[in-house]
Amino acid sequence: MNSKELIQYFKSLGIDVHTTTKARGHHGFFLKNRIDISKNLSESEKTSTLIHEFAHYIHSKLEPDINKNGGTLEILFKTSDAEIKTELLNVTHFVDENSLCKKLEYHKQLVKDEIKKQEQIIKKHYPKFLRTKRFREFEKYIKKSDAKYLLKFDRIKLIRGFWKKDTKIYSTDTIEIDFPDMPEPFAAYIRLKSYQKKQSRISARINKNKKYYLKPTELFARYVQGLFSDKESVERIAPNTTERFYKLLKEGYYFELSTLCRTYLHI
């Protein structure tokens, strides 16, 4: 199986296939009977991505609004068996390591460690300090300092005076240089707040990614993708899902996907 064969077959079904775009920043994209594949992919990546997007095409025939609502597993597999969702997620983790968010989780842990480090610096001077309580000593100090802007931004440029003669740049990375008279615990508190914002941003990205990978249409597409890349492993990881999928496949429930599976997977 190669990408040219797949593209030829997809076009014979009336699907509009494009292989010279950036696919909206993704490997591939399906929308309204059109499949876009990134021009920067290797041959194996093209093949895998084409299968993935074709699965979306098949799903859209079962549920036309998948791009809006992500579809439902109940319609995809004609059952409400909760175990299927668990198996599909395991297949997703197997097929696409990015679904585990390992890099994001790693950076999140680094930020957590930095937050603890800054907290320890503060507690050397203020043993009763709690992140959940107001730091009144700091609040009193910061009112008269330009450093207060660093509570909202990690880097700022302040312009004062006529004709912009007085311009200063401050950063959370250079607090000791920018504000040499600032007590150590107050500099640590500013950095703690900065790291907390970073932690929130990372957590938001992790939640967004997990929500995306849990969409039924994405679970289904990666399951089909997995079958074509490593059929035996997917059958082992998701036995109940596979049994259900094969049954519906042989009944013609998945339309032209049956032809593809029969030709290349001998199902």
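## Exercises: helices, sheet and loops

In helix α5, Glu 83, Ile 84, Glu 87 and Leu 88 meet Pro 239, Asn 240, Thr 241 and Arg 244 of helix α12. Contact here is a matter of heavy atoms within 4.5 Å. Helices (H or I, at least four residues) and strands (E, at least two) are DSSP runs, numbered from the N terminus.

The model is predicted, with pLDDT of at least 70 needed for local features and 80 or more for side-chain atom pairs, while totals for chains, interfaces and linings use all residues. Residues are numbered from 1 along each chain as its sequence is written, and side-chain values use heavy atoms, leaving out hydrogens and water.

**Exercise 1. Sort the residues in the contact of α5 with α12 by class, then work out how the two helices are oriented.**

*Step 1.* Let's start with the classes: Ala, Val, Leu, Ile, Met, Phe, Trp, Tyr, Cys and Pro are nonpolar, Asp, Glu, Lys and Arg are charged, and the others, Gly among them, are polar. The contact of α5 with α12 then has three nonpolar, two polar and three charged residues.

*Step 2.* Next come the axes, which are lines fitted to C-alpha atoms, for helices over the stretch in contact, with angles from 0 to 180 degrees between N-to-C directions. Those of α5 (residues 82–95) and α12 (residues 239–250) come within 8 Å and cross at roughly 105°.

*Step 3.* That angle makes α5 roughly perpendicular to α12. The classes are roughly parallel under 35 degrees, roughly antiparallel over 145, roughly perpendicular from 65 to 115, and oblique for the rest.

**Exercise 2. Check the span of α10, then describe its burial and its contact with α12.**

*Step 1.* Helix α10 covers residues 216–229, so its 14 residues at 1.5 Å each should span 20 Å, and its end C-alpha atoms are indeed 20 Å apart. The expected span is 1.5 Å times one less than the number of residues.

*Step 2.* Now the burial: 13 of the 14 residues of α10 are buried. Buried means under 20% relative accessible area, exposed over 50%, and partly exposed in between, with a 1.4 Å probe and protein chains only.

*Step 3.* The axes of α10 and α12 come within 12 Å and cross at roughly 85°, which makes α10 roughly perpendicular to α12. Phe 220, Tyr 223, Val 224 and Leu 227 of α10 make the contact with Thr 241, Thr 242, Phe 245 and Tyr 246 of α12. By class, this contact has six nonpolar, two polar and no charged residues.

**Exercise 3. Lay out the sheet, and explain why β1 and β2 stand at the edges.**

*Step 1.* The sheet is open, with three strands in the order β1-β3-β2 and mixed pairing. Strands pair if DSSP finds at least two bridges between them.

*Step 2.* β1 (16–21) and β2 (28–31) each have a single partner strand, so one side of each is left without a neighbour in the sheet. On average, neighbouring strands are turned by 15° against each other, direction ignored.

*Step 3.* Zoom in on β2 and β3 (residues 34–38): they run antiparallel and are joined by four bridges. Gly 28 has Ile 37 as its bridge partner in β3, and Leu 31 has Arg 34. The hairpin has two residues between the strands, and Lys 32 takes a positive phi near 50° there.

*Step 4.* Finally, look at the faces of β2: Gly 28 and Phe 30 form the covered one, Phe 29 and Leu 31 the uncovered one.

**Exercise 4. Which residues does Ile 202 touch?**

*Step 1.* Place Ile 202 in helix α9 (residues 184–213), where it is buried at 13% relative accessible area.

*Step 2.* Leaving out residues up to four places away in sequence, Ile 202 touches Leu 104, His 107, Lys 108 and Val 111.

*Step 3.* Follow Lys 108, found in helix α6 (residues 102–125). Lys 108 counts as buried at 19% relative accessibility, and with the sequence cut-off of four places it touches Ile 202, Ser 203 and Ile 206.

**Exercise 5. Find where Phe 255 and His 266 sit, and say how exposed each is.**

*Step 1.* Phe 255 lies in the loop between α12 and α13 (257–264) and is partly exposed at 35%. Though not a glycine, Phe 255 has a positive phi of about 50°.

*Step 2.* His 266 belongs to the segment after α13 and is exposed at 67%. His 266 is not a glycine either, yet has a positive phi of about 60°.
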